[in-house]
Amino acid sequence: MPVSKKENSPCPIDAMLSVVDGRWKGTILWRLLDQPMRTSELRRSIPGITERMLIRHLQELVQDGIVLRHEESSVPPRVRYSISEYGLTLVPVLSVICDWGRGHLRWLEMRARRLE
């Protein structure tokens, strides 16, 4: 039975996935590793993401303590996002997932060639 984000699960994999699961969350985190970014900068750097989905994922990441939201008191108001100290603990996990993903894409490509 799937665990919703509102439920706590004793399974560590479910706990991790409840934070990083989402079509764009990995990409958002990867982009924020380089530098804090404004919402518009993030959106431009991630082709295909809608503003609604970006804001939703950012809100969830902020709620989970992975990303920090910095409001600048200026006119117009500016908001920047950065990875929190706690969020930085995900970097090794994201690196391993990225490496596995690269290998999986190669495997899929080889498999597709064999089927041709």
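This is a short tour of a predicted model, going from its nonpolar core to its charged pairs.

**The core.** Begin by selecting Ile28, Leu29, Leu32, Leu42, Ile66 and Val67, which touch the most other members of the largest nonpolar core, a set of 20 residues. Then colour helix H1 (12-20), helix H2 (25-32), helix H4 (51-63) and strand E3 (78-83), since each of these elements supplies at least two residues of this core. Now keep Ile66 alone and show its surroundings: leaving aside neighbours within four places in sequence, Ile66 is in contact with nine residues that you can select by name, namely Val19, Leu29, Leu61, Ser82, Ile83, Ser84, Tyr86, Gly87 and Leu90.

**Met37.** Move next to Met37, which lies in strand E1 (residues 37-38) and is buried, with a relative accessible area of 8%. Setting aside its neighbours within four places in sequence, Met37 is in contact with Arg31, Leu32, Leu42, Ser45, Val79, Arg80 and Tyr81. For a sense of distance, select Asp21 as well: Met37 and Asp21 are 16 residues apart in sequence, and their C-alpha atoms are 21 Å apart in space.

**Arg80 and Glu41.** Arg80, one of the contacts of Met37, also forms a salt bridge with Glu41, in which the closest N and O atoms are 3.5 Å apart. Arg80 belongs to strand E3 and Glu41 to helix H3 (residues 39-45), so this pair ties together parts that are 39 residues apart in sequence. Are these two residues buried or partly exposed? Arg80 is partly exposed, at 25% relative accessible area, and Glu41 also counts as partly exposed, at 26%.

**Along helix H5.** A search of the whole structure finds 8 salt bridges, and helix H5 (residues 91-115) is where to look next. Select Arg102 and Asp99, whose side chains meet in a salt bridge of 3.2 Å, N to O; they are 3 residues apart in this helix, and therefore separated by about one helical turn. Further along, Glu109 forms a salt bridge with Arg113, with the closest N and O atoms 2.3 Å apart, and these two residues lie 4 residues apart in helix H5, about one turn of the helix. Glu109 is partly exposed, with a relative accessible area of 43%, whereas Arg113, at 53%, counts as exposed.

**A network to finish.** Lastly, select Lys25, Arg56 and Glu60, which are joined into one network by salt bridges that share partners. Glu60 lies in helix H4 and is buried, with a relative accessible area of 17%, and its side chain makes a polar contact of 2.7 Å with the side chain of Lys25.

Technical notes. Residues are numbered from 1 along each chain as its sequence is written. This is a predicted model: local features need pLDDT of at least 70, side-chain atom pairs count only at pLDDT 80 or more; totals for chains, interfaces and linings use all residues. Side-chain values use heavy atoms; hydrogens and water are left out. A nonpolar core is a set of buried Ala, Val, Leu, Ile, Met, Phe, Trp, Tyr and Cys residues joined through side-chain atoms within 4.5 Å. Buried means under 20% relative accessible area, exposed over 50%, partly exposed in between (1.4 Å probe, protein chains only). Contact means heavy atoms within 4.5 Å. A polar contact is a pair of N or O atoms within 3.5 Å; within protein, one must be able to donate a hydrogen and the other to accept it, and residues adjacent in sequence count only if both atoms are side-chain atoms. A salt bridge is a side-chain nitrogen of Lys or Arg within 4 Å of a carboxyl oxygen of Asp or Glu.
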